[in-house]
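Let's take a friendly walk through a protein model. Have a look at the fold, then read on.

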Amino acid sequence: MRSGALGVALGDRTLTVCEVLARAGLEDESPFAALHAFCRQLSPAPRLPAGPVFGSNDWYYAYGNNSAATIVADAERITDLAPGGEHRPFAVIDDGWQPARGRGDGQRAVGVWDHGNEKFGDMADVAAAVRRAGARPGIWYRPLLAATNAPDAWRLPRDRTALDPSVPEVLEHVAADVAQLRGWGYDLIKHDFSTYDVLGRWGFEMGAGLTSDGWTFATGATRTTAEVLDGLYATIRRAAGDTLVLGCNTVSHLSAGQFELCRTGDDTSGRVWGRTRKMGVNTLAFRGVQHGAFYAADADCVGVTTAIPWAQNREWLDLVARSGTPLFVSIAPDALGAAQRRDLRAALARAAVPQPLGEPLDWQGTTVPGRWRLDGEVRRYAWVDDDGAPLTV
């Protein structure tokens, strides 16, 4: 009911706050199945991908140190590892292609998305090269990061480095950026940071207060934060057309029906196994009920690097591949040995065909479930801590 940090001022307008729904459980229905069915009742018309979504994303090995050459190599690598067939793998360019990442001049070019830096060149040419390699091109983008030359009237009162999505001209600017990404030939657009850019806090920092005190949007407190974000999401959706949209750091229930995919948890890692186990396994278990109901739920990547023992990471890879949810892998070239190739080929072959949604069976007793029902069979995963000791909580 707030507009930023202030109470919304509706004037003569009436706002429907919520609709209360209820559902009776079925005999012998598991809690997970009941909650999944209830999510479908809450979101009866999701916008879903036409087929399985799988492929590469370069963030968890490159961490922004990428280029056109590394992306094309990613595309060739994932095409070689993925099966042939109707559904092709994605090769997603994450943070690092934009001018501020490549010029070495601090923040002068931050928030600019209309061309690539010198390591990438023409972004349409990069997309075409990825497609020639046999993969579908995807790209990351931060829509509300204000460029240095952004008009002052476009900036969020709470933080002048962020654009204010209540301003019509800002929405026009975002629409033009998204249309440009689509026009370059990218089949998937991953947009990120918008909740943080508007509210200034990560979810784990919010508690009872979503944002700092004393501010509202530049256009006044006439619309709630939810309405403003909903308008941003609708703008991105329209501009993207039939391009797949993956929302990252977006509000879950507002994303339903707008975006085909949604990142449902905090970042996994290509450096620290404990973070992947904590963030990835947890969000797959506890947000999986929203998969196929709100959107395709992306529990984040498998970072295939030399920093994480493969015996640990292959368990995460196997679970995601069997879960029926999107599978993205970040493959460092120096980490791709014979065992990794074998396991990645098997995982991508599973991810390339529709799978029933995986169900955690011990999710009411642990934060990182290890017992799962996957395609009708019960499988166990021995999650361990960073030192290889069994994890019990």
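Helix α3, residues 68–81, lies across three strands, β3 (54–57), β4 (90–93) and β13 (327–331), in this predicted model. Another helix, α12, also packs on the sheet, where α12 touches β12 and β13. The table gives the direction of each helix against one strand.

| Helix | Residues | Strand | Angle between directions |
|---|---|---|---|
| α3 | 68–81 | β13 | about 125° |
| α12 | 310–323 | β12 | about 145° |

Now for the sheet itself. In what order do its nine strands run? The order is β11-β10-β9-β8-β5-β4-β3-β13-β12, the sheet is open, and the pairing is parallel. At the edges are β11 (296–298) and β12 (302–304), each of which pairs on one side only. On average, neighbouring strands of this sheet are turned by 25° against each other, direction ignored. As a general point, strands of a sheet pair through backbone hydrogen bonds, either parallel or antiparallel.

You can zoom in on one pair: β5 (residues 136–141) and β8 (residues 188–191) are joined in the parallel sense over four bridges. Here W140 stands opposite K190 in β8.

Finally, find H115 in the loop between α4 (99–102) and α5 (123–132). Is H115 buried or exposed? H115 counts as partly exposed because its relative accessible area is 38%, and the partly exposed class lies between 20% and 50%. Leaving aside residues up to four places away in sequence, H115 touches W97, Q98, P99, M123 and W184. The side chains of H115 and D114 are joined by a polar contact of 2.7 Å.

Terms used
Residues numbered from 1 in each chain as written. Predicted model: local features only at pLDDT ≥ 70, side-chain atom pairs only at ≥ 80, totals over all residues. Heavy atoms only, no water. Helix = DSSP H or I, 4+ residues; strand = E, 2+ residues; numbered from the N terminus. Buried < 20%, exposed > 50% of the residue type's maximum accessible area, 1.4 Å probe, protein only. Contact = heavy atoms within 4.5 Å. Polar contact = N/O pair within 3.5 Å; in protein donor to acceptor, adjacent residues only side chain to side chain. Pairing = 2+ DSSP bridges. Axes fitted to C-alpha atoms, helices over the stretch in contact; angles between N-to-C directions.
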